[in-house]
Amino acid sequence: MPTATSTPAKPLGSLRDLTTSRNAWIEIDLDALDHNVATMRSLVGPGIELIAVVKANAYGAGAEVLAPALEAAGVERFAVVWPAEALNLRAAGVTRPILVLGHAFPADAPAAIAANITLTCHSLALGHAISEAALARGTTATVHIKVDTGLHRFGVNLDQAVALAQALRSMPGLDVEGLTTHMANADEPDDSFSELQDQRFAHIAELLPWIRYRHTANSATALRRDEFRYDGVRLGLALHGIQPANTPPAGLRPILSVRARVARVSDVPPGEGVSYGLRWHPRDPARVALVPVGYGDGWRRSLGNEGHVLIAGHRCPMVGTLCMDQFIADVTALPSVSEGDEITLLGRQGDDELSATEVAAVAGTIPWDIFASLQARLPRIYHRHHEVTAVIGP
Ligand SMILES: *Cc1c(COP(=O)(O)O)cnc(C)c1O
């Protein structure tokens, strides 16, 4: 069970102090987070809420620290996918509205309503359970209705949305606050399908004019399509400071870096092989560094023999098979590397940067997957102005 060793108010020391005797860690830059909130705020303009999507442990950044930091930075709402994730946000002290975007069972209703969580309601059975839970507590529960406008993943079908909304409206203790949908091609080179989805959504919205809060946009749609921002935009990747593919540059700053320290330096003679399967053979005498991070930490196995790390501001190739807990980097070009030197796996070092977009492309995946894969073994170290404000994990 990870534990917070400090509150954000009291600095714990410098990043260097906190990392000199750690094998590997994740750094989260809260100044960059504030910058991204301010940047998206000015980009979407007044009257449109920022809904911070902090599902999957805030995309690996640690929801229990990131969500309160986002609330302090002024985001109006939060969204997660599981009801349990919403309860965790309340336990972390989040006071603003929290929306569950994903599926809930009727049995989830009492705890969710007790914690003032907004569920997405897809059925009469869930509606009845929410209504009952609200009445039992003497409160009114807000719900949102998700319309399936073409993604064919979650939500209610177009021809059932109006009837469901009207039935829910008539249930006591239940306030149908929101109407929502989700775009299928938001970050595709051609996102014109969003126009058809929006037409379908707007048609349902016209039939339900009494539903006061509408939202359709994720980061890519919010960045590309000012006409689909409605009352709030659901931002995950943009708050991480990463641009989804095919979006215009917005001046965001990455918040998350992955770093490690050299665990061993050794020489490999020509003719020898390196790591499981001996799949890398230097042609000339080589020097290699051991990096104490592996797929057990969420660092993708497919990066083995393909990716790079930054050491002393140089790009060093990852060589041989990537293991559960470690991998090898070729540092032949850097004769002075020694145990304890800092390694950047993701993020900036000197003038060079390994971006989530680049690492994802090499790993054969997308930036969301790189972040969401990061495991609890890597400590999360949060900082402002290079002063550490919180540490979560080992
Ligand atoms: C994850 C998610 C988002 C956030 O997407 P980003 O591309 O990271 O901004 C928005 N809406 C829904 C329904 C989601 O599942």
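## The ligand and its neighbours

In this predicted model, 14 residues surround the ligand. Lys 55, Tyr 59, Ser 219, Arg 234 and Trp 368 come nearest. By class, this shell holds 6 nonpolar, 4 polar and 4 charged residues.

Three polar contacts can be described atom by atom. Ser 219 places a polar side-chain atom 2.5 Å from an oxygen atom of the ligand. Arg 234 also uses a polar side-chain atom, which lies 2.8 Å from a nitrogen atom of the ligand. Leu 237 takes part through its backbone: a polar atom there is 2.9 Å from a ligand oxygen atom. The ligand on its own has 390 Å² of accessible area, and the protein covers 93% of that area.

## The pocket that holds it

The ligand takes up the space of the largest pocket. Two elements give two or more residues to the shell around the ligand: helix H3 (55-59) and strand E11 (232-235).

The largest pocket contains about 650 Å³ of space. Its lining has 27 residues. Lys 55, Tyr 59, Arg 153, His 182 and Trp 368 lie nearest the pocket centre. Lys 55, Tyr 59 and Trp 368 are also among the residues that come nearest the ligand.

Three helices give two or more residues to the pocket lining: H3, H10 (219-224) and H12 (367-372). H3 gives the most, with 3 residues. By class, the pocket lining has 16 nonpolar, 5 polar and 6 charged residues.

## The largest cavity

How many cavities of 30 Å³ or more does a search of the whole structure find? The search finds 2.

The largest cavity holds about 60 Å³ of space. Leu 33, Ala 52, Val 53, Val 54, Ala 58, Tyr 59, Leu 66, Leu 70, Leu 235, Gly 236, Leu 239 and His 240 line it. Strand E3 (49-53), helix H3 and helix H4 (63-73) each give two or more residues to this lining.

Which classes make up the lining of the largest cavity? There are 10 nonpolar and 2 polar residues, with no charged residues. Tyr 59 is one of the residues lining this cavity, and Tyr 59 is also one of those nearest the centre of the largest pocket. H3 gives residues to the cavity lining and to the pocket lining.

## The second largest cavity

The second largest cavity holds about 40 Å³ of space. Its lining consists of Lys 146, Val 147, Asp 148, Thr 149, Leu 151, His 152, Arg 153, Phe 154, Thr 181 and His 182. By class, that gives 3 nonpolar, 4 polar and 3 charged residues.

Arg 153 and His 182 line this cavity. Arg 153 and His 182 are also among the residues nearest the centre of the largest pocket.

Key
Residues numbered from 1 in each chain as written. Predicted model: local features only at pLDDT ≥ 70, side-chain atom pairs only at ≥ 80, totals over all residues. Heavy atoms only, no water. Near = heavy atom within 4 Å. Polar contact = N/O pair within 3.5 Å; in protein donor to acceptor, adjacent residues only side chain to side chain. Areas by Shrake-Rupley, 256 points an atom, 1.4 Å probe, with all protein chains shown as cover. 1 Å grid on protein atoms, 1.4 Å probe; cavity = no way out; pocket = protein on both sides within 12 Å on 5 of 7 lines; lining within 4 Å. Sits in = over half its atoms within 2 Å of the grid points. Helix = DSSP H or I, 4+ residues; strand = E, 2+ residues; numbered from the N terminus. Nonpolar A, V, L, I, M, F, W, Y, C, P; charged D, E, K, R; others polar. Points joined across faces, edges and corners; volume = space filled by probe spheres on them.
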